[in-house]
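Thanks for coming, everyone. Let me put the structure up and then walk you through it.

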Amino acid sequence: FRSLDRAVEWWHEDRSRRLVMSGGTWSYSGIPDSRLMQRYAERMGVRPGAIRREERSLRTWESAHRLAELHPALPRRIVLVTSASHMPRAAYAMRQAGFDVCPIEADQRRVPLRFPGALLPQHGALEKTADALHEVVGLAYYRWLALRDQVAAAIAGDHDAAARVELVLPETGVCGGAGDFTDGGGCCGAPAEPQPLSVGSIITL
């Protein structure tokens, strides 16, 4: 819940902001992840009226597109909070769904090198490698999905939609905790108006 903790902290910096929780469930309980996230955020002081939920998605790509279909519609300019390792894939999915993303990375991890222990096998190394490969393979898969959508749009004659598909990965950027858009259209400066925050459920490929 480190990403959610960062999102709650971001909301408390300006309580006119709104949070959007996204995620269904893989569990037998049937309780969507977004509902659990909402309960946690409310216990951390976020008022219920500041939270919206999307409860059907199971993966990041699906989450981005279901958020784009919410009614009433979300603003196209959003702040995205997720883990640093997941941010490139999550931001790419959100951009493909039509959002202008201002990313705030939570849960940045760095393992310091300590000799001579760094030369020995570590029990957590396999898990870290698996997590990294999960993100790399997932991002490659998302690029394939984007290419598929581009081809389908071109075949259907929707050249505008085909041109909007982004195959080159942009820089994701880090907001340093601000999470606001500038009047000039950039990210991380002074807010032009309250912006929503999308907290993506990290149940992904």
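I'll cover the salt bridges, then one helix, then the cores.

A caveat up front: this is a predicted model.

Charges to begin with. How many salt bridges does a search of the whole structure find? Seven. I'll take a few of them, starting in helix α1, residues 2-13. Arginine 6 and glutamate 9 meet there through their side chains, N to O at 3.9 Å. The two are three residues apart in α1, so about one helical turn separates them. For the geometry, recall that an α-helix has 3.6 residues a turn, so residues three or four places apart point the same way.

Arginine 6 has another partner. It forms a salt bridge with glutamate 13, with the closest N and O atoms 4.0 Å apart. Glutamate 13 in turn forms a salt bridge with arginine 17, at 3.6 Å between the closest N and O atoms. Through shared partners, Arg6, Glu9, Glu13 and Arg17 join into one network.

Now, which of these are buried? The cut-off is under 20% relative accessible area. Arginine 6 has 12%, so it counts as buried. Arginine 17 has 4%, so it is buried too. Glutamate 9, at 44%, counts as partly exposed. Glutamate 13, also at 44%, counts as partly exposed.

Stay with arginine 17 for a moment. It lies over the face of tryptophan 10, 4.0 Å from the ring centre. As for aromatic pairs, the structure holds zero.

Next, helix α3, residues 60-68. Its buried residues are Thr60, Trp61, Ser63, Ala64 and Leu67. Why do they sit on the same side of α3? Because they cover an arc of only 165 degrees around the axis.

Threonine 60 deserves a closer look. Its relative accessibility is 5%, so it counts as buried. Its side chain makes a polar contact with the side chain of histidine 86, at 3.1 Å.

Last, the cores. The largest nonpolar core has 21 residues. Those with the most contacts inside it are Trp61, Leu67, Leu80, Met94, Phe99 and Val101. Four elements each supply at least two residues of this core: α3, β3 (77-83), α4 (87-96) and α5 (125-155). Which of them gives the largest share? That is α4, with six residues. Apart from this core lies another, of 17 residues. Among its members are Trp10, Leu19, Val79 and Ile104. Trp10 is also the ring under arginine 17.

That's my tour. Happy to discuss.

Technical notes: Residues numbered from 1 in each chain as written. Predicted model: local features only at pLDDT ≥ 70, side-chain atom pairs only at ≥ 80, totals over all residues. Heavy atoms only, no water. Buried < 20%, exposed > 50% of the residue type's maximum accessible area, 1.4 Å probe, protein only. Polar contact = N/O pair within 3.5 Å; in protein donor to acceptor, adjacent residues only side chain to side chain. Core = buried A, V, L, I, M, F, W, Y, C linked by side-chain atoms within 4.5 Å. Phe/Tyr/Trp six-rings, centres within 6.5 Å; stacked < 30°, edge-to-face > 60°. Lys NZ or Arg CZ within 6 Å of the ring centre and 35° of its normal. Arc of directions from axis to C-beta.
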